[in-house]
Amino acid sequence: MPEQSATSWFSARTVYRHRDLNTYEERITLWHVTDSDAAMAAAEQEAAEYCEGLDGTEYLGFVQTFALFSDEGAPGIGSEVFSLMRDSELAPDAYLDRHFDTGGERAATTLAARDGSEG
């Protein structure tokens, strides 16, 4: 019997453009694969399938992966599924405005983010 490679959980972040809506979408998917390269390949295949079902939607060829860390072996409640660290000298409000809260998002935010208070 051939030896099987160990698998681990990875997340993959992919980016799409919905042309008819003038909207960009980021998606994070989970994969149980052998390594980051396998997660990228699986995510890119899934991205193509996702776009097939949506007219006017294109995958932008951007994928980032993240290896999940879990003592239980599988993701569960509260598991960190993605992390991206970025160096910046921007002040916190300017950083959020530039990268996350531009005003064009279609997402719910925390009350603290909406009214400027700390949560």
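Trainee: Which side chain does R17 meet in a salt bridge?

Mentor: In this predicted model, the side chain of R17 meets that of E58 in a salt bridge, at 3.3 Å from N to O. The pair links distant parts of the chain, since R17 sits in strand β1 and E58 in strand β3, 41 residues apart.

Trainee: And is R17 buried or exposed?

Mentor: R17 is partly exposed, because its relative accessible area of 28% falls between the 20% under which a residue is called buried and the 50% over which it is called exposed. E58 also has to be placed on that scale, and at 26% relative accessibility E58 counts as partly exposed.

Trainee: What else does E58 meet in a salt bridge?

Mentor: The side chain of E58 meets R19 in a salt bridge as well, with 3.6 Å from N to O. This pair, too, links distant parts of the chain, with E58 in strand β3 and R19 in the loop between β1 and β2, 39 residues apart. R19 counts as partly exposed, at 39% relative accessibility.

Trainee: So which residues belong to the network?

Mentor: The salt bridges link R17, R19 and E58 in a network.

Trainee: How many salt bridges are there in total?

Mentor: The count comes to four salt bridges. Among them is the one in which the side chains of R13 and E26 meet, at 2.6 Å from N to O. R13 lies in strand β1 and E26 in strand β2, 13 residues apart, and this pair likewise links distant parts of the chain.

Trainee: Why does R13 count as buried?

Mentor: R13 counts as buried because its relative accessibility is 13%, and the cut-off for that label is under 20%.

Trainee: Which residue does R13 stand opposite in β3?

Mentor: R13 stands opposite Q64 of β3. Strands β1 and β3 run antiparallel and are joined by eight bridges.

Trainee: Okay, and how do β1 and β2 pair?

Mentor: Strand β1, residues 8-18, pairs with strand β2, residues 23-33, in the antiparallel sense over 11 bridges. One position to look at in that pairing is Y16, which stands opposite E25 in β2.

Trainee: What sits between those two strands?

Mentor: β1 and β2 form a hairpin with four residues between them, and N22 is in the turn. The backbone of N22 deserves a look, as this residue has a positive phi of about 55 degrees although it is not a glycine. N22 belongs to the loop between β1 and β2, and it counts as exposed because its relative accessibility is 67%.

Trainee: Zooming out, in what order do the strands lie in the sheet?

Mentor: The three strands form an open sheet in the order β2-β1-β3, and the pairing is antiparallel. The edge strands are β2 and β3, the latter being residues 57-67, and each of them pairs on one side only. Neighbouring strands of this sheet are turned against each other by 20 degrees on average, with direction ignored.

Trainee: What holds strands of a sheet together in general?

Mentor: Strands of a sheet pair through backbone hydrogen bonds, and the pairing is either parallel or antiparallel.

Trainee: Where does helix α1 lie?

Mentor: Helix α1, residues 36-52, lies across β1, β2 and β3, and it runs at about 155 degrees to β3.

Trainee: And how do the elements run from the N terminus on?

Mentor: From the N terminus on, the elements run β-β-α-β-α-α, with three helices and three strands in the protein.

Trainee: Switching to the surface, which residues form the nonpolar patch?

Mentor: The nonpolar patch on the surface is formed by Y24, L60 and F62, which together have about 310 Å² of accessible area. F62 has its place in strand β3 and counts as partly exposed, at 36% relative accessibility.

Trainee: What about the accessible surface of the protein?

Mentor: The accessible surface of the protein comes to about 9,000 Å², and 50% of that belongs to carbon and sulfur atoms. Of the 119 residues, 23% count as buried.

Trainee: Last one: what share of the contacts joins residues at least 24 apart?

Mentor: Among contacts between residues at least 6 apart in sequence, 55% join residues at least 24 apart.

Definitions and conventions: Residues numbered from 1 in each chain as written. Predicted model: local features only at pLDDT ≥ 70, side-chain atom pairs only at ≥ 80, totals over all residues. Heavy atoms only, no water. Pairing = 2+ DSSP bridges. Buried < 20%, exposed > 50% of the residue type's maximum accessible area, 1.4 Å probe, protein only. Contact = heavy atoms within 4.5 Å. Areas by Shrake-Rupley, 256 points an atom, 1.4 Å probe, with all protein chains shown as cover. Axes fitted to C-alpha atoms, helices over the stretch in contact; angles between N-to-C directions. Patch = residues over 30% accessible without salt bridge, like charges linked within 9 Å, V, L, I, M, F, W, Y side chains within 5 Å.
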